[in-house]
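Me: Could you take a close look at one part of this chain with me, the nonpolar core and the helices that build it? I would like a connected walk through it, with the surroundings brought in where they help.

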Amino acid sequence: SGIVLVAINPYEQLPIYEQDVIYAYSGRNIGDMDPHIFAVAEEAYRQMARDEKNQSIIVSGESGAGKTVSAKYAMRFFATVGGCSSETNIEAKVLASSPIMEAIGNAKTTRNDNSSRFGKYIEIGFDKRYHIIGANMRTYLLEKSRVVFQAEDERNYHIFYQLCASSSLPEFKDLGLSKCWHVPVRCR
């Protein structure tokens, strides 16, 4: 791998991800401007075009640091510089399944009420003109132990509590959820 992007959440909206910032980083060398997700994305995009080889960006950071949001910004950069953001809206399409994935793969930890307990591998396909033609997201569960045990002040995966809260609905009758009565349900 090349450069690793470390996500740090400033816990407030900053005006550093707009279209004009994308265009400011587009076509620039990685050291020419301040460190930024768009600088990393531009470097990967340029190396892909120059060397005609697959590139990858590793996004790392602590729980709640904004790794998923950083991936969205990188996809927005690729869609914009590839000249197809309005045609495909790739970031929305790739992440459309996010609420379902979050219910199944997110849990409350002591540091984050909606902590992603799964990893994501997003593969974006480009054509010969370097326009985005598709994407695929793969996920993998990080904490299988959470299914049977949670530390104090932590919770199982959100889907467990959502199913328990819905256990009396007729469409869930065949799932055998009648024994959920002893689980404290604190869904958002």
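Reply: Happy to. A nonpolar core here means a set of buried Ala, Val, Leu, Ile, Met, Phe, Trp, Tyr and Cys residues joined through side-chain atoms within 4.5 Å. Please keep in mind that this is a predicted model.

Let me start with the chain as a whole. Its secondary structure comes to 7 helices and 6 strands, and from the N terminus the elements follow the order β-α-α-β-α-α-α-α-β-β-β-β-α. Of the 188 residues in the chain, 32% are buried. Among contacts with a separation of 6 or more, 51% are between residues 24 or more positions apart.

Now to the core. The largest nonpolar core has 19 residues, and the members that touch the most others are Tyr25, Ile37, Phe38, Phe77 and Phe78. Helix H1 (19-25), helix H2 (37-51) and H3 each supply at least two residues of this core. H2 gives the most, with 7 residues. As a general background, nonpolar side chains tend to be buried together in soluble globular proteins.

H2 deserves the closest look. This helix has 15 residues and reaches 21 Å from its first C-alpha to its last, close to the 21 Å expected at 1.5 Å a residue. Its buried residues are Ile37, Phe38, Ala39, Val40, Ala41, Glu42, Glu43, Ala44, Tyr45 and Met48, so the list includes two Glu residues beside the nonpolar ones, and the cut-off behind it is under 20% relative accessible area. The buried residues of H2 pack against E1, H1, H3 and strand E5 (118-126). Just after the helix, Glu52 takes a positive phi of about 50°.

Ile37 shows how these pieces meet. Not counting residues up to four places away in sequence, Ile37 touches Leu5, Tyr17, Ser70, Tyr73 and Ala74. Three of these partners, Ser70, Tyr73 and Ala74, are among the buried residues of H3.

H3 (residues 67-81) likewise has 15 residues, and its 21 Å from first C-alpha to last is close to the 21 Å expected at 1.5 Å a residue. Its buried residues are Ser70, Ala71, Tyr73, Ala74, Met75, Phe77, Phe78, Ala79 and Thr80. In an α-helix there are 3.6 residues a turn, so residues three or four places apart point the same way.

Ser70 also leads us to Ala7, which lies in the loop between E1 and H1. Ala7 counts as buried because its relative accessibility is 7%. Leaving aside neighbours within four places in sequence, Ala7 is in contact with Val59, Ser60, Gly61, Ala65, Gly66, Lys67 and Ser70. One of these, Gly66, is 59 residues away in sequence, yet the two C-alpha atoms are 5.8 Å apart.

Strand E1 (residues 4-6) brings us to the outside, with Val4 in it. Val4 counts as partly exposed because its relative accessibility is 41%. Together with Val6, Ile8 and Ile58, Val4 makes a nonpolar surface patch of about 370 Å². For the whole chain, the accessible surface comes to about 12100 Å², with 53% of it belonging to carbon and sulfur atoms.

Terms used. Residues numbered from 1 in each chain as written. Predicted model: local features only at pLDDT ≥ 70, side-chain atom pairs only at ≥ 80, totals over all residues. Heavy atoms only, no water. Patch = residues over 30% accessible without salt bridge, like charges linked within 9 Å, V, L, I, M, F, W, Y side chains within 5 Å. Areas by Shrake-Rupley, 256 points an atom, 1.4 Å probe, with all protein chains shown as cover. Salt bridge = Lys/Arg side-chain N within 4 Å of Asp/Glu carboxyl O. Helix = DSSP H or I, 4+ residues; strand = E, 2+ residues; numbered from the N terminus. Buried < 20%, exposed > 50% of the residue type's maximum accessible area, 1.4 Å probe, protein only. Expected span 1.5 Å × (residues − 1). Contact = heavy atoms within 4.5 Å.
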